[in-house]
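Colleague: I have the model open and would like to go through it with you. Can we start with the DNA?

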Protein chains: 2
Amino acid sequence: METGQRLRRAAVSLFARHGYAAVSMRQIAAETGVQVGALYNHTTDKQSLLFDLLSDHMDDLMAALDQVVLPADPVLALEAFTRFHLRYHAERPDAVFIAYMELRNLTPENFMQVESQRRAYEARLEEILRRGKAGGVMHVADVKLACLAIIALLTGVTTWFRPAGRLSQAEVEDIYWDMTRRLVDA
Amino acid sequence: METGQRLRRAAVSLFARHGYAAVSMRQIAAETGVQVGALYNHTTDKQSLLFDLLSDHMDDLMAALDQVVLPADPVLALEAFTRFHLRYHAERPDAVFIAYMELRNLTPENFMQVESQRRAYEARLEEILRRGKAGGVMHVADVKLACLAIIALLTGVTTWFRPAGRLSQAEVEDIYWDMTRRLVDA
DNA sequence: GTCTATATCCGGATAGAC
DNA sequence: GTCTATCCGGATATAGAC
């Protein structure tokens, strides 16, 4: 595997475990399998490394969502979104973790960029809820709050889910879809 | 105000904004209004400072919950818990934030201690859900997952709630109680 | 592209005067 | 209790040989 890719994987893994500020370029180099100096052939500095990881993660997430065919029916669309979100996040726990834990370690400019990417993703969910509310098939007191609540609910799964745990990915998905559906009374 | 208290407030504020690892003892000293050396009259080292903040926060949270009279009726108890959790967390956004963001910066021993305190708190919610399910007044597919879901849902509020925002504390509380209630179909 | 070596700075923590 | 001064290790990033 090329060094650039190994570097990124090492950084994601270490940032997720110990946090951006607590991880040194020396540790990343060791995990990558090169000496420190060599890292700078693949990233301009540590901040750019973090930004690229987060920004690319959001791009990938958005691109993956675009591959999902969201049904016209709002309730079916919400189910598709829920299952997509859970599955995508379960497959990339480290990337997801740093994507919302390390936002504050971005420079203000980089933060604004990633934030706008995150808002674009949440807008997809908001749109589904808005249609569900308008069509009278969901009870949503406040679309924005319901959107934030559902995102928090679903993303929280990544903090404890382990494939070898008590419940399988499919079981967790079913139970969370059930809770999400009830939350909007669909 | 005594230095020890100023130190703790400075640390909470700085850790919440920039993260434990990214904050230096020199910054904390500046915010406290003393020189670096003086800090060590009030804490043995940086790790102890973090641990004390987190552990005391969990103690305070638990003590505050103990002051709340939880009704015998599970649905009313869930409402009381929900409103308590939202209110307590809204009043201490910084302390709450670091209490779940900085867990990984604790030494393993300190982590285990704080984790057990957190589990004791969540056990209170689990008990309510278990009673509601047993009594047939709540639909809960999996008590453990519902507990984690509700905690994630409610705690997520602290990431965006601002007293000067679109909705008042009371409005947010009502809307979130409505969503929580629906989530367990009560 | 990667290595070794290094410049430069900042980190936590301590010592000892006041 | 707080101050100034300092130890010493480790941080990011760069330079130049290969």
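Modeller: Yes. A polar backbone atom of Gln35(B) sits 2.6 Å from a phosphate oxygen of DNA strand D. A polar contact here is a pair of N or O atoms within 3.5 Å; within protein, one must be able to donate a hydrogen and the other to accept it, and residues adjacent in sequence count only if both atoms are side-chain atoms.

Colleague: Which elements give two or more residues to the surface near DNA strand D?

Modeller: H2 of chain A, together with helix H3 (36–39) of chain B. Helices (H or I, at least four residues) and strands (E, at least two) are DSSP runs, numbered from the N terminus.

Colleague: Before I go on, what kind of model is this?

Modeller: This is a predicted model, where local features need pLDDT of at least 70, side-chain atom pairs count only at pLDDT 80 or more, and totals for chains, interfaces and linings use all residues. Residues are numbered from 1 along each chain as its sequence is written, chains are lettered from A and ligands numbered from 1 in the order in which they are written, and side-chain values use heavy atoms, with hydrogens and water left out.

Colleague: Back to the DNA. How many residues surround strand D?

Modeller: 15, and the closest are Arg26(A), Thr3(B), Gln35(B), Asn41(B) and His42(B). Near means that a heavy atom of the residue lies within 4 Å of the strand.

Colleague: What does the side chain of Arg26(A) approach?

Modeller: An N or O atom in the side chain of Arg26(A) is 3.4 Å from a base nitrogen of strand D. Tyr40(A) has a polar side-chain atom 3.2 Å from a phosphate oxygen of that strand.

Colleague: What share of the strand D atoms within 4 Å of the protein belongs to sugar or phosphate?

Modeller: 64%, and the rest belong to bases.

Colleague: New topic. Where is Leu106(B)?

Modeller: Leu106(B) is in the loop between helix H6 (93–101) and helix H7 (108–134) of chain B.

Colleague: Buried or exposed?

Modeller: Leu106(B) is buried, at 8% relative accessible area. Buried means under 20%, exposed over 50%, and partly exposed in between (1.4 Å probe, protein chains only).

Colleague: What does Leu106(B) touch?

Modeller: Leaving out residues up to four places away in sequence, Leu106(B) touches Gln47(B), Leu50(B), Phe51(B), Leu54(B), Phe111(B) and Val114(B). Contact means heavy atoms within 4.5 Å.

Colleague: And what follows H1(A)?

Modeller: Gly19(A), with a positive phi near 95°.
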